[in-house]
Amino acid sequence: MPSFENQRFFIKTFGCQMNVADTERMASLLADQGMAAAEDPNQAQVIIINGCSVREKAVHKALSALGEFQFLKKEGAGPIIGVGGCVGQLDKDKLFKNAPYLDFVFGTDTLDNLPEMVHRVRNGERHFVHADFDKSLDYSTETKVFGFKAQAFVNIMKGCDKYCTYCIVPYTRGKEKSRTIDEVVSDVARLVATGVREITLLGQNVNSFGKGNPNVRGRVPSELHNIIGKVGPRAGEENFPQLLRAIDQDPRCADLQRIRFTSSHPLDFSDELIECYAPASQGGVARLATHLHLPVQSGSNAVLQKMGRHHQIENYIAQMDRLRELSPDVGLSTDLIVGFPTETDADFQKTIELLDRVQFDNIYAFAYSPRPGTRAAKMKDDVPAKVKNERLVHLLNYQIKIAEKTYASRIGKVLEVLVEGEAKNDKLMRSQPEAQKNSGGKVWTGRTSCNRVVNFFSDSPRSLIGKMVPIRITKATGLSLQGEVELESLAAERVANRFLS
Ligand code: SAM
Ligand code: SF4
Ligand code: F3S
């Protein structure tokens, strides 16, 4: 393939972490060909839109970005433009109809061929679609990160077999299949050797990881159970708790600080996975972050049933209670949909009650959006848009009040923060000019193990990105915490040594 030296690419990403990870992969593949990232689409010779189809609004966003990029095309010249991700996978050649200036479309399983597709366009081909699902039964890959990062997303599986009635993802990401444990552990070890200190294991439903992969090494547990009973057809196959333990115990991963994962489904959320959250002295996974994102979608069993979720709210609450017993400080987050067909005020009230009962740190709430081709799209979308919106606003406001209380309970504590970068907005600085003066003015941002955002001042002349820093929490809002570097506390000494070295 001829080189792409001196060429620049710009990728616009929409959607979930899976798309974010895919964008990083695409960027890395193009960089391997000699291309550089452009900050601005005006400077790019290749523009890619990595689109999301989960709600109608998300699709509109991708299409309107595409519409804007058309103005960069000038009479046969201008950048090469491609659409990929879930929008490319689903809409394929339909996209050319409204956007004839679009050069090519690709899908979620074909992004590894991106350099080749760009090359085809450079050779004069246009309007082609490369979006077939990979029909092989195995899933094998190597994570690609773009530039130095202390954190990395690691895809451990793809696809989803759950077919919740409202959801388009099984149609955009295909059938579930998992990498092997050995492959993932080696991949993580390689990332750790490059300086990665936190990994997020990615899949639409990571608790069903391992389905179809024989447990050839005889790892335990060999079967999974949850409070409902046996989970999935898993006897004799690899599973997610085995993967967590394998990463945690591998000497090559010794410098890894935290293991996160997302997303999970309550039906496959096994007792064995909950046990991983126990203190290491009681058999838990030492580096598993004390955070869980477990989407519940609704507090009403009637709605859950129509959503095809196959779990009941009582089971979900029992899972959360057991988790808190083992890990009292665990941070919990969830996804919720309001205005699903037939949802009454009483159903919605049950969702509010669930917030009171579980005390989430954070929620991601959405108004139901019918997705063509799903089972729910055949139901009458009978909750008016105005009501959906009112419920959404009420839910978010209600949650902020809960989070304000839980976040405030952290004030005075010293928490370990993995620094992600400099804080983008300087509200904190403006509100505390004295601290700014003392610190030299730099505000850093990072996350605690329980996934709370912490902003703090530091006068360190070096970059703190990727460092684990002990922070004494001084202020809290419903969205983030603020604090000061704490070097005195004995409890923080271990971390402080690492911070200063
Ligand atoms: N696999 C994950 C799960 O099971 O939760 C993530 C699914 S999806 C990428 C992220 C969230 O989008 C879902 O949890 C759900 O709350 C929301 N969502 C999915 N389809 C939707 C729809 N048709 N309308 C509104 N929200 C939707
Ligand atoms: Fe969608 Fe349900 Fe699969 Fe999550 S588990 S991706 S909500 S079908
Ligand atoms: Fe969207 Fe696809 Fe993720 S539909 S939410 S980008 S899996």
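## The second largest pocket

In this predicted model, the second largest pocket holds about 590 Å³ of space. Its lining is made up of 26 residues, and those closest to the pocket centre are Ala-286, Leu-288, Thr-290, Glu-416 and Ser-449. By character, the lining divides into 13 nonpolar, five polar and eight charged residues.

Where does the lining come from? Domain 2 (135-289) and domain 3 (414-500) each give at least three residues to the lining of the second largest pocket. Among secondary structure elements, β17 (414-422) and α16 (493-500) each contribute at least two residues to this lining.

## Strand β13 and its partner

Now to strand β13, which spans residues 258-262. Five of its five residues are buried, so the strand is largely enclosed by the rest of the structure. In a regular strand, side chains alternate between the two faces of the sheet. In β13, Arg-258, Arg-260 and Thr-262 lie on one side, with Ile-259 and Phe-261 on the other, and both faces are covered.

Strand β10 (residues 198-202) pairs with β13 in the parallel sense, over five bridges. If you would like a spot to look at in the viewer, Ile-199 stands opposite Ile-259 of β13.

## Around ligand 2

Which residues surround ligand 2? The shell consists of Cys-160, Lys-162, Tyr-163, Cys-164, Tyr-166, Cys-167, Val-169, Pro-170, Gln-204, His-265 and Arg-309. Sorted by character, the shell around ligand 2 has seven nonpolar, two polar and two charged residues.

Notes
Residues are numbered from 1 along each chain as its sequence is written. Chains are lettered from A and ligands numbered from 1 in the order in which they are written. This is a predicted model: local features need pLDDT of at least 70, side-chain atom pairs count only at pLDDT 80 or more; totals for chains, interfaces and linings use all residues. Side-chain values use heavy atoms; hydrogens and water are left out. A residue is near a molecule or strand if one of its heavy atoms lies within 4 Å of it. Ala, Val, Leu, Ile, Met, Phe, Trp, Tyr, Cys and Pro count as nonpolar, Asp, Glu, Lys and Arg as charged, and the others, Gly among them, as polar. Buried means under 20% relative accessible area, exposed over 50%, partly exposed in between (1.4 Å probe, protein chains only). Helices (H or I, at least four residues) and strands (E, at least two) are DSSP runs, numbered from the N terminus. Two strands pair if DSSP finds at least two bridges between them. On a 1 Å grid over the protein atoms alone, a cavity is a set of points where a 1.4 Å probe fits but cannot get out, and a pocket is an open set with protein on both sides within 12 Å along at least five of seven lines; lining residues have an atom within 4 Å of a point. Grid points are joined across faces, edges and corners, and a volume is the space filled by probe spheres set on the points. Domain bounds come from an automatic or database domain assignment.
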